[in-house]
Amino acid sequence: MDYVFPPPPQVSVPIVGSDGFFPVRRVYCVGRNYADHAAEMGADTREPPFFFGKPADALVPGGGDVFYPPATSNLQHEVELVVALIGGGASILPAKALDWVYGYAVGLDLTRRDLQQRAKDKGHPWDMGKGFDQSAPIGAIHPLAAVGHPERGAIWLKVNGQLRQNGDLGQMSWKVAEVIANLSTYVALAPGDLIFTGTPAGVSTVVRGDLLEAAVEGIGELAVRLV
Ligand code: MN
C-alpha cells in the first residue's frame, strides 16, 4: 500500500524480564473507581463505572522527562494500576474477564483539572482535560505469570519525596474483572488494549520541575519529572 506519508510508529510498552514489547491498540480509563477519590471530587461514590479514553500516543513508556502541558494552570496527578489485555471481545463475562489479562503496570493519568472541570460544568467532552500529549506515563508491564492478579497492595504517589496519594488496590469500587466486563458491554476489547483502573484520594496540583514517583506494590515504580 502507498501511504502519502510514513505511518506513525507503533506505540509499545517494555515488558519486565523480556526483550519483547507490548504493542498498544487503545487506552481506556475508568473514572472515580476509589470511593475516597470520588468523594474528594464531590461525586456519588456508588455509581457504576464510567469510561473515557486517551490516545495511544499519549503514553510515555518508562516515564522520565514529561513536558508540562499548555493551556492549564492546574495539572494534577492520578496514580493508577494499568491492566494490559492480550485478548478481548464484546460482552465478556466477569468470570472470564481475567483470562484476557496479559499483565499489569503502574500508570499516571495526568489531568488538566481546570479544563476537565470546565468541561464537566458545560457538559462538554473531557478529551482536552485528559487526552493531551504525554498525559499517560506508564511503567514496564509485569506479565501475569510473574505477578498474578494483584487484588490488594499499596498504591501511592510522592511529589518531591512527599507522600500525596496513599491507597490500597483493595479499595477499588469495581474490581479488574468487573471493569473489563463492564467496558466490554460498550466496546469490543482486543489484544493491545490498556485500561487505567482509577486513582485513590490525594490528587494534587503539580508544577514544572516537580518529581513524581508512583508505585503499586508488586508492580514496580514509575518516576516522572515535569520539565
Ligand atoms: Mn484517572
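## Close-up views of a predicted model

**View 1. The largest pocket comes in at a volume of about 200 Å³.** Everything shown here and below comes from a predicted model. Twelve names make up the pocket's wall, so to speak: Leu-98, Tyr-104, His-149, Pro-150, Glu-151, Arg-152, Leu-169, Gly-170, Met-172, Lys-175, Val-176 and Ala-177. By character, that lining splits into 7 nonpolar, 2 polar and 3 charged residues.

**View 2. Ser-173 sits in the loop that runs between strand S14 (162–168) and helix H6 (176–183).** Is Ser-173 buried or exposed? Neither label fits: Ser-173 is partly exposed, because its relative accessible area of 30% falls between the 20% and 50% cut-offs. Look across to Glu-47 while you're here: Ser-173 and Glu-47 are 126 residues apart in sequence, yet their C-alpha atoms are 9.2 Å apart in space.

**View 3. Three acidic side chains hold the manganese ion: Glu-78 (OE), Glu-80 (OE) and Asp-109 (OD) are its protein donors.** These donors lie 2.0 to 2.1 Å from the manganese ion. Along the sequence, the donor residues follow the spacing E-x1-E-x28-D. Glu-80 and Asp-109 bring together distant parts of the chain, 29 residues apart: Glu-80 belongs to strand S8 (residues 79–85), while Asp-109 is in the loop between strand S9 (101–108) and strand S10 (111–112). Glu-80 counts as buried, because its relative accessibility is 0%. Asp-109 also has 0% relative accessibility, so this donor counts as buried too.

**View 4. The largest cavity holds about 100 Å³ of space.** Which residues come closest to its centre? Of the 17 that line the largest cavity, those are Gly-31, Arg-32, His-37, Glu-78 and Lys-130. Glu-78 is one to recognise, since this residue is also a donor of the manganese ion. Strand S3 (27–31), strand S4 (50–54) and helix H3 (113–122) each give two or more residues to the lining, and H3 gives the most, with 3. The lining of this cavity divides into 5 nonpolar, 5 polar and 7 charged residues. Searching the whole structure turns up 2 cavities of 30 Å³ or more.

**View 5. Five strands make an open sheet with mixed pairing, in the order S6-S18-S17-S13-S14.** At the edges stand strand S6 (64–66) and S14; each has a single partner strand, so one side of each is left without a neighbour in the sheet. From one strand to the next, the twist averages 20°.

**View 6. Strand S13 (residues 154–159) has antiparallel partners in S14 and in strand S17 (residues 211–216).** The pairing with S14 runs over 6 bridges, and the pairing with S17 over 5. Val-159 is a handy residue to follow here: its bridge partner in S14 is Gln-162, and in S17 its bridge partner is Leu-212.

**View 7. S17 and strand S18 (residues 220–226) form a hairpin, with 3 residues between the two strands.** What phi does Gly-218 in the turn have? Gly-218 has a positive phi of about 85°. The two strands pair in the antiparallel sense over 6 bridges. One of the bridges links Val-216 to Gly-220 in S18.

Definitions and conventions:
Residues numbered from 1 in each chain as written. Predicted model: local features only at pLDDT ≥ 70, side-chain atom pairs only at ≥ 80, totals over all residues. Heavy atoms only, no water. Helix = DSSP H or I, 4+ residues; strand = E, 2+ residues; numbered from the N terminus. Buried < 20%, exposed > 50% of the residue type's maximum accessible area, 1.4 Å probe, protein only. Donors = N, O, S within 2.8 Å, 3.2 Å for Na, K, Ca; no water. Pairing = 2+ DSSP bridges. Axes fitted to C-alpha atoms, helices over the stretch in contact; angles between N-to-C directions. 1 Å grid on protein atoms, 1.4 Å probe; cavity = no way out; pocket = protein on both sides within 12 Å on 5 of 7 lines; lining within 4 Å. Points joined across faces, edges and corners; volume = space filled by probe spheres on them. Nonpolar A, V, L, I, M, F, W, Y, C, P; charged D, E, K, R; others polar.
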